[in-house]
Amino acid sequence: MSVHAQTWPANPIRLIIPFPPGGGTDILSRIISNKLAEANKWTIVTDNRGGAGGTIGLAEAAKSAPNGYTIVMGQKDNMAVAPWLYKSLAYDPVRDFTPIAHVAYTPVVIVTSAHSRLRTLADVVNAARSAPGTITYGSPGNGTTIHLAGEVLEGAANIKLVHVPYKGSSPAMVDAISGTLDLALSSVPSALSQIKAGKLRALAVTSAKRSTSLPDVPTVAESGYKGFDVSTLYGLFAPAGTPKEVVARLNTEVNKLLETAEMKNAIHAQGAEPQPMTPEKLSALLKADYQEMKDVVKKAGVTID
């Protein structure tokens, strides 16, 4: 074991959260950092660096010293989608980061008004085939993973939907409840309360497995599209070149936490699914998502200056 690994951490660890306080990424990051600090007697300082879909925080992490004292919570949007959206990005997600630990993933849920004629995903597909370009779906914005899940669904089902971008999930939920939109695509946490209140009907989730928060809602794959899996990863990353011993230690400690009932319950409460894995597996997952999103973003025709 190297001298660095024996003495690390001798200083506080900075966890960059690439979104403002109070959102889902912030809450999940703080759950992990608090429990890591508590379990290991470490000092972990959270640093919210929001803006530009999480890319500002990722750029800050990428240029930090690779000494084990800066880590960042990355997601699919800013690690796998943003490189194909932004014409100039200050980092390369594969080259500039060392994967540490996968924390959780969240599926997208497809919802409609509780009073809608669309009762199943099959109803949506049949309606879209009968009248192409008439079924609308709202998302939290152009180029988000949630928007792109709709693009992937169109390709899988060979249908044409009309995408209506909103500035966030809440206004899309309001229009879905009223029937102004035929469908809305949303993260599970954003739609969960309205589903439980009976105002929205959940038709399917986009992950390979059913959501713990919505166990009665089928997956898109179960609905006839084998292999369909669009979910958002949440993972800890460090600047490229961070010592392997530090990465291994962090991975071990994060994975220990993810196996505890307390942590599982806390993550499930956020509508997410804990999923421990090795750094190597996280690296492979990121690379696969990165390549897949290239074609999806190109098909959607979305770019951000």
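The second largest pocket of this predicted model is lined by 19 residues. Nearest its centre lie Tyr105, Ala208, Asp229, Ser231 and Gln275. Four elements, β4, β9, β10 (273-274) and α11, each supply at least two lining residues. The largest share comes from α11, with four residues.

The largest pocket has a lining of 39 residues. Phe19, Thr25, Gln75, Asp77 and Tyr234 are the closest to its centre. At least two lining residues each come from α2 (24-40), α4, β4, α6, α8 (188-196) and β9 (231-239).

Volumes and lining classes are set out below.

| Pocket | Volume | Nonpolar | Polar | Charged |
|---|---|---|---|---|
| Largest | About 1,000 Å³ | 18 residues | 19 residues | two residues |
| Second largest | About 380 Å³ | seven residues | five residues | seven residues |

Next, the nonpolar cores. The largest holds 48 residues. Within it, Phe97, Ile110, Leu121, Leu183 and Val220 have the most contacts. Elements that each supply at least two of its residues include α3 (55-62), α4 (76-85), β4 (97-113), α5 (121-130) and α11 (279-300). The strands β7 (183-187) and β8 (200-205) do so too. Helix α6 (145-157) is also among these elements, and α6 gives the most to this core, six residues.

Which residues does Leu121 contact, leaving aside neighbours within four places in sequence? They are Ile110, Leu153, Leu203, Ala204, Val220, Ser223 and Tyr225.

Another core, of 30 residues, lies apart from the largest one. Among its members are Leu36, Ala37, Leu258 and Ile267.

Technical notes: Residues numbered from 1 in each chain as written. Predicted model: local features only at pLDDT ≥ 70, side-chain atom pairs only at ≥ 80, totals over all residues. Heavy atoms only, no water. Core = buried A, V, L, I, M, F, W, Y, C linked by side-chain atoms within 4.5 Å. Buried < 20%, exposed > 50% of the residue type's maximum accessible area, 1.4 Å probe, protein only. Contact = heavy atoms within 4.5 Å. 1 Å grid on protein atoms, 1.4 Å probe; cavity = no way out; pocket = protein on both sides within 12 Å on 5 of 7 lines; lining within 4 Å. Points joined across faces, edges and corners; volume = space filled by probe spheres on them. Nonpolar A, V, L, I, M, F, W, Y, C, P; charged D, E, K, R; others polar.
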